[in-house]
Amino acid sequence: MSFQFNQIDRIKDFDKAIEALESEYLPGLVEAFGNSPEGQAYLNSQPAEEAYLGDWVGNFVYFGYSYLNVTLPKMQKRDAEVILQQLFPSKIALSEPDDANRIVPELTPSGSLCSGNTNSATAAKS
């Protein structure tokens, strides 16, 4: 069964959606990313990051929903900008400045995976 990008959109209660996001959605998204051609290419180019795979994607999706009430299928460019330029800097403390260098390399291929799948997931919702 393929990952359902729109599964959080079907949960109306915010607290239940957050619970599902943390317990099912994010682990499933990270697994789908790791198994995708985009994720494999990322891991091939960044082998030292395998243990951290999904950290930034998870934070990105979690912040999008918990702070902006927006899910991947409904996320717009402006939402991504708010997460990356406002929420990340104010909510995440890096242990080393170089840790920031992991953000874009992980989010770029995961964004390709999501943008290629959210349209079909959204259509499946209708």
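User: How many helices and how many strands does the protein have?

Analyst: In this predicted model, the protein has 5 helices and 0 strands, and reading along the sequence gives the pattern α-α-α-α-α.

User: What percentage of the residues is buried, and what share of the contacts with a separation of 6 or more comes from residues 24 or more positions apart?

Analyst: Of the 126 residues in the protein, 41% are buried. Among the contacts with a separation of 6 or more, those between residues 24 or more positions apart account for 65%.

User: How many residues does the largest nonpolar core have, and which have the most contacts inside it?

Analyst: A nonpolar core is a set of buried residues of certain types, joined through side-chain atoms within 4.5 Å. In this structure the largest such core has 26 residues, and L21, Y25, L29, F60, V61 and F88 are those with the most contacts inside it. At least two residues of this core come from each of α1 (14-35), α3 (55-68), α4 (77-91) and α5 (103-125), and the helix that gives the most is α1, with 7 residues.

User: Which residues does F88 touch, leaving aside those up to four places away in sequence?

Analyst: With those sequence neighbours not counted, F88 touches W56, N59, F60, F63, I83, I103 and L107. F88 also belongs to one aromatic cluster, which it forms with W56, Y62, F63 and Y67.

User: What describes a pair of aromatic rings, and how many such pairs does the structure hold?

Analyst: In general, the distance of the centres and the angle of the planes describe a pair of aromatic rings. The structure holds 8 aromatic pairs, one of which is formed by F33 and Y42, with 6.1 Å from centre to centre and 35 degrees between the planes. Planes under 30 degrees apart count as stacked and those over 60 as edge-to-face, with the rest tilted, so the pair of F33 and Y42 is tilted.

User: Are F33 and Y42 buried or exposed?

Analyst: Both F33 and Y42 are buried.

User: At what angle do the axes of α1 and α2 cross, and which residues make the contact?

Analyst: The axes of α1 and helix α2 (residues 37-45) cross at roughly 70 degrees and come within 4 Å. Angles of 65 to 115 degrees count as roughly perpendicular, and α1 and α2 are therefore roughly perpendicular to each other. On the α1 side the contact is made by F33, G34 and N35, and on the α2 side by P37, E38, G39, Q40 and Y42. By character, the residues of this contact divide into 3 nonpolar, 4 polar and 1 charged.

Definitions and conventions: Residues are numbered from 1 along each chain as its sequence is written. This is a predicted model: local features need pLDDT of at least 70, side-chain atom pairs count only at pLDDT 80 or more; totals for chains, interfaces and linings use all residues. Side-chain values use heavy atoms; hydrogens and water are left out. Buried means under 20% relative accessible area, exposed over 50%, partly exposed in between (1.4 Å probe, protein chains only). Contact means heavy atoms within 4.5 Å. Rings of Phe, Tyr and Trp (its six-membered ring) pair if their centres lie within 6.5 Å; planes under 30 degrees apart count as stacked, over 60 as edge-to-face and the rest as tilted. Axes are lines fitted to C-alpha atoms, for helices over the stretch in contact, and angles run from 0 to 180 degrees between N-to-C directions. Angles under 35 degrees count as roughly parallel, over 145 as roughly antiparallel, 65 to 115 as roughly perpendicular and the rest as oblique. Ala, Val, Leu, Ile, Met, Phe, Trp, Tyr, Cys and Pro count as nonpolar, Asp, Glu, Lys and Arg as charged, and the others, Gly among them, as polar.
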